[in-house]
Number of protein chains: 2
Amino acid sequence: MDEVAATRQVATAYVNDLERRDWSGLAVLLADDVVYEMPQTRERIRGKARFLQFNSEYPGDWHLRARRVVADGQLAAVWLDVRVGAEHQDACVWLELSEHGLISRIVDYWPEPYEPPAGREHLVERW
Amino acid sequence: MDEVAATRQVATAYVNDLERRDWSGLAVLLADDVVYEMPQTRERIRGKARFLQFNSEYPGDWHLRARRVVADGQLAAVWLDVRVGAEHQDACVWLELSEHGLISRIVDYWPEPYEPPAGREHLVERW
């Protein structure tokens, strides 16, 4: 398997292991010194143990589905469809792999809905 | 040039042409029936002409820099650093290319800062 295929496989497994709450499967994908960042809240979690704890403690019956996985060398981007009951939100995840093919950095964005600014109604349609 | 290199080049040129307000350069990259979507506001713009107008009319002295370009087949993801004066926001952009190598779909996310929920202070550091 070439590097891109391996990166794509790790990114896909990352989503699937989270969805299945397969913490031991997830642990295998992560570098010990993985860094997880949420730039919107300026939060950072360092290390595999804390990151696994963060996910296992995360409240709510959340479910993830990858809308798109884009892999390029040791980088990947994952566009997620996230649902908690009837609530839905998309997320954008940026993964960086180490030279050993382990996830060494994760950057998560959780874009929330907002009202569009005025002045572009002549160009857009709403759904 | 292989498909991935071509996709990466188009994604990079997309950012650079926007930054330079090079509308004719940007027009060359776009399929005539390009679809631009902003899921957070549920807004959609159809067609090259409207999309170019949207960008040329977009208010503010905005500046874009690609933090990361991830290309995979006819898909790309671009992580943008966007600045307007002293204000900064990141954006996540998903590009889809046609079989002719033109950008046929653009999905933009504009994640805004928010306060972190309580309950994970024992795992995170702030920056």
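1. For the charge count that follows, Lys and Arg are taken as positive and Asp and Glu as negative, while His and the chain ends are left out. On this basis chain A of the predicted model carries 15 positive and 22 negative side chains. The centres of the two sets are 2 Å apart.

2. The overall dimensions of chain A may be noted next. Its C-alpha trace extends over about 50 × 35 × 25 Å along the principal axes. The accessible surface amounts to about 6100 Å², and carbon and sulfur atoms account for 51% of that area. Of the 127 residues in chain A, 50% are buried.

3. Chain A contains three helices and seven strands. Read from the N terminus, its elements follow the order α-α-β-β-α-β-β-β-β-β. Where contacts in chain A link residues at least 6 apart in sequence, 41% of them join residues at least 24 apart.

4. Both chains contribute to an open sheet of seven strands with mixed pairing, ordered E7(A)-E2(B)-E1(B)-E6(B)-E5(B)-E4(B)-E3(B). Strand E7 (125-126) of chain A and strand E3 (62-72) of chain B are the edge strands; each has a single partner strand, so one side of each lacks a neighbour in the sheet.

5. Helix H1 (residues 3-20) of chain B packs on this sheet, where H1 touches E3, E4, strand E5 (87-97) and strand E6 (103-109) of chain B. The direction of H1 makes about 175 degrees with that of E3(B).

6. The edge strand E3(B) runs antiparallel to strand E4 (residues 75-84) of chain B, and ten bridges join the two. Among the bridge partners, B:Trp62 is matched with B:Val84 in E4(B), and B:Arg65 with B:Asp81. E3(B) and E4(B) form a hairpin with two residues between them. In that turn, B:Gly73 has a positive phi of about 60 degrees.

7. On its other pairing, E4(B) is joined to E5(B) over ten bridges, again in the antiparallel sense. B:Val84, the bridge partner of B:Trp62, stands opposite B:Glu87 in E5(B). A hairpin with two residues between the strands connects E4(B) and E5(B), and B:Gly85 in its turn has a positive phi of about 60 degrees.

8. Why is E4(B) described as largely enclosed by the rest of the structure? Seven of its ten residues are buried, which accounts for that description; the cut-off for buried is under 20% relative accessible area. E4(B) also lies between E5(B) and E3(B) in the strand order, and helix H1 of chain B touches E4(B).

Methods:
Residues numbered from 1 in each chain as written. Chains lettered and ligands numbered in written order. Predicted model: local features only at pLDDT ≥ 70, side-chain atom pairs only at ≥ 80, totals over all residues. Heavy atoms only, no water. Pairing = 2+ DSSP bridges. Helix = DSSP H or I, 4+ residues; strand = E, 2+ residues; numbered from the N terminus. Contact = heavy atoms within 4.5 Å. Axes fitted to C-alpha atoms, helices over the stretch in contact; angles between N-to-C directions. Buried < 20%, exposed > 50% of the residue type's maximum accessible area, 1.4 Å probe, protein only. Areas by Shrake-Rupley, 256 points an atom, 1.4 Å probe, with all protein chains shown as cover. Charge placed at Lys NZ, Arg CZ, Asp CG, Glu CD.
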